[in-house]
Amino acid sequence: MKINAALVLEIRLRRAWTQEQLSQFSGLSHRTIQRVEKEATGSLETKKALAATFEIDITDLDYEEVPVMKKYEYKTVEVPFKMSLFKSGTPDIQNLLNAEGDSGWRLKEIVLPATGFGESISMVVILERERIE
């Protein structure tokens, strides 16, 4: 069961207790205290013992996973392309996509901007990759 290790550590340090002291006060083993603080895991009995020792509600020790919002960066590449009612030529975008894919980019969308009468002289390839911060 997941336990809010940050809260356990915060309360223990606020009370200036060592892990060994928390172990004695709670009746839990020293190894259990280490595991709770490092791995945020423990049994329901461990959770009950810690809540009673800290004089807090057991639900306060529930682990809440904070959702992480992914951030992306985008890149556009213009590819020459000739398309009209009478002519069409398909560019070799496979090599472009594979080369960009080697750098972590993936295809988001392909746009064919049209001039009058449905003609297009280029295609815009929109690429995205996750931004690592």
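# Local environments in a predicted model

Apart from residues within four places in sequence, Ile93 is in contact with Val79, Ile110 and Met123. The model described here is predicted. Ile93 belongs to helix α5, which spans residues 93-102. The C-alpha atoms of Ile93 and Val79 are 8.1 Å apart, although 14 residues separate the two in sequence. Ile93 counts as buried because its relative accessibility is 16%, and the limit for a buried residue is under 20%.

Ile110, one of the contacts of Ile93, also takes part in a surface feature. Together with Leu107 and Leu112, Ile110 makes a nonpolar surface patch of about 230 Å². Leu112 is placed in the loop between β2 (106-111) and β3. With a relative accessibility of 39%, Leu112 counts as partly exposed.

## Helix α2 and its surroundings

Which residues of helix α2 are buried? In this helix, formed by residues 19-26, they are Gln19, Leu22, Ser23 and Ser26. These residues lie on the same side of α2, because the arc they cover around the axis is only 105 degrees. An α-helix has 3.6 residues a turn, so residues three or four places apart point the same way. The buried residues of α2 pack against three helices: α1 (5-14), α3 and α4. Just after α2, Gly27 adopts a positive phi of about 80 degrees.

Two residues, one in α3 and one in α4, add detail to this region. Glu37 is found in helix α3, residues 30-39, and Thr53 lies in helix α4, residues 44-54. Glu37 is buried, with a relative accessible area of 16%. Leaving out residues up to four places away in sequence, Glu37 touches Ala5, Val8, Leu9, Arg12 and Gln19. Of these, Gln19 is among the buried residues of α2. The side chains of Glu37 and Arg12 are joined by a polar contact of 2.5 Å.

Thr53 is likewise buried, its relative accessible area being 15%. Beyond its neighbours within four places in sequence, Thr53 is in contact with Arg15, Trp17, Leu22, Phe25 and Ser26. Leu22 and Ser26 are themselves among the buried residues of α2. A polar atom of the Thr53 side chain lies 2.8 Å from the backbone oxygen of Ala49.

## Arg129 in strand β3

Strand β3 covers residues 120-130 and includes Arg129. Is Arg129 buried or partly exposed? Its relative accessible area is 26%, so Arg129 is partly exposed, given that a buried residue must be under 20% and an exposed one over 50%. Not counting neighbours within four places in sequence, Arg129 is in contact with Lys71, Tyr72, Glu73, Ser103, Gly104 and Trp105. Among these partners, Glu73 makes a polar contact with Arg129, side chain to side chain, at 2.9 Å. The C-alpha atom of Arg129 is 6.8 Å from that of Tyr74, a residue 55 places away along the chain.

## Polar pairs

The table collects the polar pairs described above.

| First group | Second group | Distance |
|---|---|---|
| Glu37 side chain | Arg12 side chain | 2.5 Å |
| Thr53 side chain | Ala49 backbone oxygen | 2.8 Å |
| Arg129 side chain | Glu73 side chain | 2.9 Å |

Definitions and conventions
Residues are numbered from 1 along each chain as its sequence is written. This is a predicted model: local features need pLDDT of at least 70, side-chain atom pairs count only at pLDDT 80 or more; totals for chains, interfaces and linings use all residues. Side-chain values use heavy atoms; hydrogens and water are left out. Helices (H or I, at least four residues) and strands (E, at least two) are DSSP runs, numbered from the N terminus. Buried means under 20% relative accessible area, exposed over 50%, partly exposed in between (1.4 Å probe, protein chains only). Contact means heavy atoms within 4.5 Å. A polar contact is a pair of N or O atoms within 3.5 Å; within protein, one must be able to donate a hydrogen and the other to accept it, and residues adjacent in sequence count only if both atoms are side-chain atoms. Patches are made of residues with over 30% relative accessible area and no salt bridge: like charges are joined within 9 Å, nonpolar side chains (Val, Leu, Ile, Met, Phe, Trp, Tyr) within 5 Å. Accessible areas come from the Shrake-Rupley method with a 1.4 Å probe; for residues, only the protein chains shown count as cover. A salt bridge is a side-chain nitrogen of Lys or Arg within 4 Å of a carboxyl oxygen of Asp or Glu. The arc is that of the directions from the helix axis to the C-beta atoms.
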